[in-house]
Amino acid sequence: MARVNKLKGIHYFSIGMIILATTNFISCLDLGFGISVFYSCLDVAALLIIGIGIFPLGNYTKEFSLAKKALVVAIVLDILLLIPLFIKGGGQNIGLSIGALLGTIIGFLIKLAIGVLVLHGCGEIGAEQGSAVHQKNCQKTGKIFLLVSGACLLALLAGIFLMNTHRIPLIVTIVLVGVASLAVTVALVYRVEETCQLEETSA
């Protein structure tokens, strides 16, 4: 029964992931790939909410344990990315801008890894409960989440380098990427919530 109560906290992971995807989408539309203190703080807040959901599950499966460690790295990195925003002229400093871009990309990849690890952890829970179907569904959703998110990152990077000559296509790219990212995030959250229901049912 203790396991069921512990797993219920994973709802916070779902909430944090939705906030994270929505914030990233809106920040792109609002700033055209710019980084602001407001959106960066929301990003950190979303990661902390995700932490409330997965930190208690660190010893539940090895996947959750790895996700927990990756989340700590992501939070520290996001906080470090806030520093250039408080430096006078930081927004115009090429070195800081490039560093922020690289840090953002690395942060994106870490968050991507967290999502995939949590899905695999949910799949392991399904296997423990004798639901091979749920395990396969989690693994399938994980692959889709990985592929679509990777494609979104490549599309956004292409948009950044082409934004000076193809402004309108850039906006279209942002919208399409944002919708795709939100869609796969919802699919991820659905599997996570499905896992929680599976655990409650088997209790």
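Over residues 1–5, pLDDT (the predictor's confidence in each residue, from 0 to 100) stays under 50, and the model gives this stretch six contacts beyond four places in sequence, a contact being heavy atoms within 4.5 Å. Where pLDDT is low, the predicted coordinates are not to be read in detail. This is a predicted model, so local features were required to have pLDDT of at least 70 and side-chain atom pairs counted only at pLDDT 80 or more, while totals for chains, interfaces and linings use all residues. Numbering starts from 1 along each chain as its sequence is written, and side-chain values use heavy atoms, with hydrogens and water left out.

For the protein, the mean pLDDT is 79, with 75% of residues at 70 or more. Confidence bottoms out in helix α1 (residues 2–8), at a mean of 55, and peaks in helix α3 (residues 37–54), at 88.

The fold comes to seven helices and zero strands; both are DSSP runs numbered from the N terminus, helices being H or I of at least four residues and strands E of at least two. Of contacts between residues at least 6 apart in sequence, 79% join residues at least 24 apart. Buried residues make up 43% of the 203 in the protein, where buried means under 20% relative accessible area, exposed over 50% and partly exposed in between (1.4 Å probe, protein chains only).

As for the inside, the largest nonpolar core (buried Ala, Val, Leu, Ile, Met, Phe, Trp, Tyr and Cys residues joined through side-chain atoms within 4.5 Å) has 35 residues, and Ile10, Phe13, Ile114 and Val118 have the most contacts inside it. Two or more residues each come from α2 (11–31), α3, α4, α5 (94–128), α6 and α7 (167–202), with α5 giving the largest share, nine residues. Leaving aside neighbours within four places in sequence, Phe13 touches Ile49, Ile50, Gly53, Ile54, Ile114, Val118, Leu188 and Val192.

Thr141 sits in helix α6 (residues 132–162) and counts as buried because its relative accessibility is 8%. Its side chain reaches the backbone oxygen of Asn137 at 2.8 Å. Beyond neighbours within four places in sequence, Thr141 is in contact with Leu119, Ala187, Leu188 and Arg191.

Val76, in helix α4 (residues 62–86), has 44% relative accessibility and so counts as partly exposed. Its C-alpha atom is 9.0 Å from that of Val44, 32 residues away along the chain.

Terms used:
A polar contact is a pair of N or O atoms within 3.5 Å; within protein, one must be able to donate a hydrogen and the other to accept it, and residues adjacent in sequence count only if both atoms are side-chain atoms.
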